[in-house]
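Got the viewer open? Let's walk through the place where two chains meet, one selection at a time.

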Amino acid sequence: MKAALAPSSLTSLSYRTNSSSFRSSLLFRSPSSSASMTTTTTRGNVAVAAAATSTEALRKGIAEFYNETSGLWEEIWGDHMHHGFYDPDSSVQLSDSGHREAQIRMIEESLRFAGVTTDEEEEKNIKKIVDVGCGIGGSSRYLASKFGAESIGITLSPVQANRANDLAAAQSLAHKVSFQVADALDQPFEDGKFDLVWSMESGEHMPDKAKFVNELVRVVAPGGRIIIVTWCHRNLSAGEKALQPWEQNLLDKICKTFYLPAWCSTDDYVHLLQSHSLQDIKCADWSENVAPFWPAVIRTALTWKGLVSLLRSGMKSIKGALTMPLMIEGYKKGVIKFGIITCRKPL
Amino acid sequence: MRLITHNMLSCNIKGVTNGFPLRIEAGNVIKKEVDFNPDFIRHMFAKLEWKALVEGARSMGYAELPEDSPDAAVLESDESFLKKLHHALLELHLEEGALVCPETGRKFPVNKGIPNMLLHEDEV
């Protein structure tokens, strides 16, 4: 078994590759967040302090990023903050509504892949759902409505949680969904509470993939399903210990502006799930099915409305927008993969 | 935050074994009407932690729920009970206040109806 894929090394990976970029971003770019480290004087002490607080800094960065950019995203793309699912090679220029339909299709395809919607009994048994990294609650509202279940969403961003609640009230779903500010790595729930554990494009933000998976496994009920849909880097081949330097550089640039810790591969998630006693572990590469997404996002950013909104939103949004071509480059060069990993906890 | 959510939340500070249920310190509680859906209430009943619900409701100023969890038969026949359960679960909102860990006393603030359950670095 490759050393790079052992669960314990996934924690060290996140600090090895990213503590330096976060240290530099904290010291040189965000005067406000470096305030907590100005009590030490030597560079060495500051580096140690930075590493210790880098998880806090990441959490804060993620919250601020989404506090700033959620409104902008919602204005242009609506309440689903995830990729659309398209037929491969669909080169048709889709209308706005085509992309929104694709985002709904992404939810449905994920449920189908996991085996949830192909089993009537299982569908009926879904009463409690947790939406890990819920954004402004698009998935929660959709799933709660679809299954007649209760969905609890967690996000690091108070702005998102507020907006999610407002949207739920506006859609008369306030009795079925609720949103909390909480950390996916320390979920405020007792064990085994949820029939469906849903993580739609939030895994990328988790600095400790092993801890993240542990939490997902902890909170899922016996017989319940975990669905993880996430950006990964390509699987490493036999004998490869790490990505090529040029690949790592590409990902590092994206990490800075999207507040992402180190990336892992779909294989890494599968291995983490295998280390727990779970059934029916499956994964797939849906990179071809999301190919039209980033070009579409860039097109909307380049419209008059898009540009004005970006300028109004702030630096984080602008930097995020400038990073989008790197996502396309990553996909084209096979570095970035869009993966789904699902499993079931035994009864 | 409604009681249907409170029924799911617990304190996850490292080392805590009795983090549920969280005590409610009610600052501002408001009532928001929600359409009564008896099937949804029956659906949810099976997975409720009853004592936590009764205590929580009392903290929010509602003492109409029975101390002991009724049996399923009551759900089918007694609509007035279902309505009380509906009211407690879905219509009482804690807008401002705090959720308190029963073991450590740590307070998790609730602002604009949203609990902040983030742990500090020394709590994980």
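Which side chain of chain A meets K47(B) in a salt bridge? Select K47(B) and look across: the partner is D195(A), with 2.6 Å from N to O. Keep in mind that this is a predicted model. Between chain B and chain A the count is two salt bridges, and twelve residue pairs are in polar contact across the interface.

Next, colour chain B by its elements. Helix 1, helix 2 and strand 4 (114-115) each give two or more residues to the side of chain B that touches chain A. Helix 2 of chain B gives the most, with three residues. By residue type, that side of chain B splits into 14 nonpolar, five polar and five charged.

Now show the whole contact: 24 residues from chain B and 38 residues from chain A. About 2,800 Å² is buried between the two chains, and carbon and sulfur atoms give 55% of that area. Pick out M8(B), K47(B) and I114(B): together they supply 25% of the area that chain B buries against chain A, more than any other three residues.

Last stop: helix 2 of chain B, residues 38-45. Select its buried residues, F40(B), I41(B), M44(B) and F45(B). Why are they on the same side of helix 2 of chain B? Look down the axis: they cover an arc of only 140 degrees, so they share one side. In general, residues three or four places apart in an α-helix point the same way, because there are 3.6 residues a turn. To see what covers these buried residues, show strand 2 (150-155) of chain A, plus helix 1 (3-6), helix 3 (50-59), helix 4 (72-77) and helix 5 (79-91) of chain B, which are among the covering elements.

Notes:
Residues numbered from 1 in each chain as written. Chains lettered and ligands numbered in written order. Predicted model: local features only at pLDDT ≥ 70, side-chain atom pairs only at ≥ 80, totals over all residues. Heavy atoms only, no water. Buried < 20%, exposed > 50% of the residue type's maximum accessible area, 1.4 Å probe, protein only. Helix = DSSP H or I, 4+ residues; strand = E, 2+ residues; numbered from the N terminus. Arc of directions from axis to C-beta. Contact = heavy atoms within 4.5 Å. Buried area = accessible area lost by both parts, 1.4 Å probe. Salt bridge = Lys/Arg side-chain N within 4 Å of Asp/Glu carboxyl O. Polar contact = N/O pair within 3.5 Å; in protein donor to acceptor, adjacent residues only side chain to side chain. Nonpolar A, V, L, I, M, F, W, Y, C, P; charged D, E, K, R; others polar.
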